[in-house]
Amino acid sequence: MPSFRRVAWAVAACVASVGLAVLGANAGCRKAPPDENVYTGSGGAKPPPSGTTPDSGDFDKRALLQAAGECAVGRYRDFEGSARALRDAAAAWRDDPSDVRRDAARDAWRAAMAAWEQAEVFRVGPAARSSEPGGKNLRDQIYSWSLFHRCTIEEQLVDETYARPEFATTLISTRGLGGFEFLAFYGGTDNACPGGSPINALGSWNRLGPEEIGRRKARYAAAIADNIGGHVATLLAAWDPGGGNFLNELVAAGAGSATFGTNQDAFNALSAALFYVEMEVKDEKLGKPLGLNDCTRGRCPEAVESPYARISKENIKANLIGFRRLFQGCGENGAGLGFDDWLRAVGASDLSDRMIAALATAQAAVDALAGMSLEQALESAPAKVEALYGAVKTLTDLLKTEFITVLNLELPKGSEGDND
């Protein structure tokens, strides 16, 4: 059974320690997250020899690869439909920059995000970074969070970069779903650039005036929507049998795949995708706003994922649905073939049950924030956000200890040294 070590989350703990240096006037006290739950190796199924996948009897591992690949394609197709609707709504807003058209574009963006946040978990193959097997960096072209640079967007708003061919190769932090969010949801007419920026030093921003800023935001957003549509088409083509046929590369792992020499390699890639809930959801989307990671104050609510549209909570909910689709099965409420079935096939049914229960607890913790944005919950109900963090951590502790041990999978890059 896992061994547990607990530490207090209270901010006061970091100043109560013996021998702490005096904090600077503007320095805060970083809260210590709970310690790692370390798998001791006792109990459960014994892992196989290094470099092999566990003997699973009659369980069809190739069918699991097929199911996971088809589920990824399904998520991309869902998003493709939402991206088309976003493109149409953005074009209507561009042609008629009224509040009504803007609000319709906002609704289309919310729907696109709901679809994409499930697809986010399937960061495998063409959606992954080029350093990963089959990776083509296509995810970042669609949604580059947490990379975002408001000042550069505003500079490009002034010089109308969005209307030129080179816009397609501008920084990903100025395009994608994140850039669209800022343009559609931030209503202010100020800019975030320093005084030395040409748009301020030369007065070009102020000369635009509020109405022209609004018109250009609509044009810029429409250019982003067009750009996103092109990249999702490329992503689907990369999986399609008539294109890059990555689906076959995944299913044929160890049996003719040019990308995966063994099926173990393919399962490691899929397992790494599951770790989205640890590295992005737990550490970035929850840990940073709670002040547990990279925050020098008690809390950092400005670090939420979606500060302009205020749907950070909804994004996390969609991420957990995506995780369930990959881990348990792609159908409604986890129906279908998933990693949980592989666990049961190797005699680790208890672990499978505990992971599914932990996921359900995390989903319930999101639902407990009903009626509040994540920012509001951080202010008025922080204990509920901490409970959500703790529920996700229970799931990720199982993922990065017992799960990878029983199935003899590798910790993904970036998770090896994570001690929270």
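The exercises below, each with a worked solution, concern a predicted model.

**Exercise 1.** Work out what span the twelve residues of helix 10 should have, and compare it with the distance between the end C-alpha atoms.

*Solution.* Begin with the expected span, which is 1.5 Å times one less than the number of residues. For helix 10, which runs over residues 263-274, this gives 16 Å. The end C-alpha atoms of helix 10 are 17 Å apart, which agrees with the expected span.

**Exercise 2.** Decide whether helix 10 is mostly covered or not, and find what covers its buried residues.

*Solution.* Take as buried any residue under 20% relative accessible area. By this cut-off nine of the twelve residues of helix 10 are buried, among them Phe 267, Leu 270 and Leu 274, and helix 10 is thus mostly covered. The elements that cover these buried residues include helix 2 (61-95), helix 11 (276-290) and helix 16 (382-406).

**Exercise 3.** Describe how helix 5 and helix 6 pack, and name the residues that meet.

*Solution.* Two packed helices are described by the angle between their axes and the distance between the axes. For helix 5 (residues 150-159) and helix 6 (residues 176-185), the angle is about 70° and the axes are 11 Å apart. Angles of 65 to 115 degrees count as roughly perpendicular, and helix 5 and helix 6 are therefore roughly perpendicular to each other. Their crossing is right-handed. On the side of helix 5, Arg 150, Ile 153, Glu 154 and Leu 157 take part, and they meet Gly 179, Phe 182 and Leu 183 in helix 6. Sorted by kind, the residues of this contact are four nonpolar, one polar and two charged.

Conventions: Residues are numbered from 1 along each chain as its sequence is written. This is a predicted model: local features need pLDDT of at least 70, side-chain atom pairs count only at pLDDT 80 or more; totals for chains, interfaces and linings use all residues. Side-chain values use heavy atoms; hydrogens and water are left out. Helices (H or I, at least four residues) and strands (E, at least two) are DSSP runs, numbered from the N terminus. Buried means under 20% relative accessible area, exposed over 50%, partly exposed in between (1.4 Å probe, protein chains only). Contact means heavy atoms within 4.5 Å. Axes are lines fitted to C-alpha atoms, for helices over the stretch in contact, and angles run from 0 to 180 degrees between N-to-C directions. Angles under 35 degrees count as roughly parallel, over 145 as roughly antiparallel, 65 to 115 as roughly perpendicular and the rest as oblique. A crossing is left-handed if the near helix is turned anticlockwise from the far one by less than a right angle, and right-handed if clockwise. Ala, Val, Leu, Ile, Met, Phe, Trp, Tyr, Cys and Pro count as nonpolar, Asp, Glu, Lys and Arg as charged, and the others, Gly among them, as polar.
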